[in-house]
Amino acid sequence: MMLKALSSLVVRRVPFRKLLPRFATSATTTNRRCLSTATSDSSLNPKDIRQRPRLVELKNGSKVKTTFSKAEINRRVTNLRQRMEKDDISACLLTSYHNINYFSDFLYCSFARSYGLVVTMDKTINISATVDGGQPWRRTHGENIAYTDWQPGNFFHAVETVLEPYKGAIGVEFDHLTADNFKKLEKSLTGRSLVDISEASMKMRLIKSPEELFVTREGARIAEVGAWACVDAIKEGVMEYEIALAGTEPMVREIAKTFPHDELRNTWVWVQSGVNTDSAHHPVTTRRLMKGDILSVNCFPMISGYYTAVERTMFVDHVPSDRHLELWEINCKVQRKGNELIKPGIRCSDIAWELNEIYREHDLLNDLPIGYGHSFGILSHYYGREAGLELREDVHTILEPGMVVSMEPMIMIPEGSPGAGGYREHDILIVTEDGAENITKFPVGPEHLVIKK
């Protein structure tokens, strides 16, 4: 059926050179019309891949309402173009989930295929796979061209086609490209140097716009919807994954209600119990909760690639020992102090060093498995992470208004030790002109989160 549909869309063949002007000047293509760059002028023969198109346009349907306004996306692209002009870069080829999403409002689904966003001084062109149909064009701020699966290397053929007019340096993401794909790009873009744009683009993402802050605030609110649903589901004998399912569904429904034009994807919950709390990223299991279990409940609503979270230590029915209670209270103390330290002008490393002293006083400094927090924005468990804004001793970035960071201290006490388990509390803070706004309102600590049923 797919082959038949694509065959009906390919209405004419265009030699390689004739496709280029479509990306140099404005053009309008009717819905379900597709252009091909196959060089043969023979009739289409589905049994011979040499006669099948390499590149097509799939303008199927109409452009949809996206999460961010045209003005917001233009602001981001303008910042990138200013950096390109400063560094004498003629065009950029962005390939990561986070940068393609940030500069076009389109979040791709890879399935081992490559995707790209070409940014020039006057165009943005999304390069997607035909398996996505017209979805990339409908959701992209800018133009779109799709490559087929019929010949190997069609993604790089698309890159070569779109970038053919641009003979200067090409900005790419060194931290995302594999060594193999880097070599293929060098071969496709012969005579042009590839320069790194990954760190510069990451810094652009650190300061959030008012539209981004709206999405982040709503995400923090929705995370708490999931957390309360998890609390309702927690009781002796229930398996971790059942609680996670109970927390995920109301978040998805609330995202759909709040952002009815958005795609719904990737929202999830981690519920870890007992020994499973030793990892901040432990997947859910079929382990059944027991009275006295330590829990780590983590809810992650995803809104158009933007990540928010609430994470809390809890106990089932009772706290089993004085040492468990003491460790939990120490971790909450560190979080409270960390929240107080978040303000403009302070370095990430200074926050980490000061919080280290509290753990050192209690001989717990070596029980920290992670840093104290990280940036928010376009982030997930398989993309994103703005490494320049992490609350660690080796990151010296100075906090500025508009940055969004978590405060999430964690200690991990091994099995067999008094108070064994992983303790983690997580808030989200927006740096303001004179301090920080904590947008996480969910209760924290022993007074609230010993769940009795």
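In the predicted model, the axes of helix α7 (residues 154-163) and helix α8 (residues 179-188) approach to within 10 Å and cross at roughly 40°. Because this angle falls in neither the roughly parallel class, under 35 degrees, nor the roughly perpendicular one, 65 to 115, α7 and α8 are oblique to each other. The crossing in which α7 passes α8 is right-handed. On the side of α7, the contact is formed by F156, V159 and E160, which meet N181, K184, L185 and S188 of α8. By character, the residues of this contact comprise three nonpolar, two polar and two charged.

Helix α7 is also largely enclosed by the rest of the structure, since nine of its ten residues are buried, that is, under 20% relative accessible area. The buried set consists of N154, F155, F156, H157, A158, V159, T161, V162 and L163. Two of these residues, F156 and V159, belong to the buried set and also take part in the contact with α8.

At the level of the whole chain, 13 helices and 21 strands are assigned. Of the 453 residues in the chain, 56% are buried. Contacts between residues at least 6 apart in sequence were also considered, and 68% of them join residues at least 24 apart.

Four of the strands form an open sheet with mixed pairing, in the order β10-β11-β14-β21. Its edges are occupied by β10 (268-273) and β21 (450-451), each of which pairs on one side only. The pairing of β10 with strand β11 (residues 294-300) is antiparallel and extends over six bridges. Within this region, V271 stands opposite V297 of β11.

Two helices are associated with the sheet. Helix α11 (residues 240-258) packs on the sheet and touches β10 and β11, with a direction that makes about 150° with that of β10. Helix α10 (residues 210-233) lies across β10, β11, β14 (310-316) and β21, and runs at about 145° to β11. Both β10 and β11 are thus among the strands touched by α11 and among those across which α10 lies.

Several loop positions were examined individually. D317 is located in the loop between β14 and α12, and its phi is near 75°, a positive value in a residue other than glycine. A positive phi is likewise found at D88, where the angle is near 60° and the residue is again other than glycine. D88 is placed in the loop between α4 (70-86) and β4 (89-94). With a relative accessibility of 64%, D88 counts as exposed, because the exposed class begins over 50%.

A further loop position is G345, which is situated between α12 (322-341) and α13 (348-361). The relative accessibility of G345 is 54%, and G345 therefore counts as exposed. When neighbours within four places in sequence are left aside, G345 is in contact with I398 and L399. The C-alpha atoms of G345 and L399 are 5.4 Å apart in space, although the two residues are 54 residues apart in sequence. G345 thus combines an exposed position with contacts to I398 and L399.

Key
Residues numbered from 1 in each chain as written. Predicted model: local features only at pLDDT ≥ 70, side-chain atom pairs only at ≥ 80, totals over all residues. Heavy atoms only, no water. Buried < 20%, exposed > 50% of the residue type's maximum accessible area, 1.4 Å probe, protein only. Contact = heavy atoms within 4.5 Å. Pairing = 2+ DSSP bridges. Axes fitted to C-alpha atoms, helices over the stretch in contact; angles between N-to-C directions. Parallel < 35°, antiparallel > 145°, perpendicular 65-115°, else oblique. Left-handed = near helix turned anticlockwise from the far one by under 90°. Nonpolar A, V, L, I, M, F, W, Y, C, P; charged D, E, K, R; others polar.
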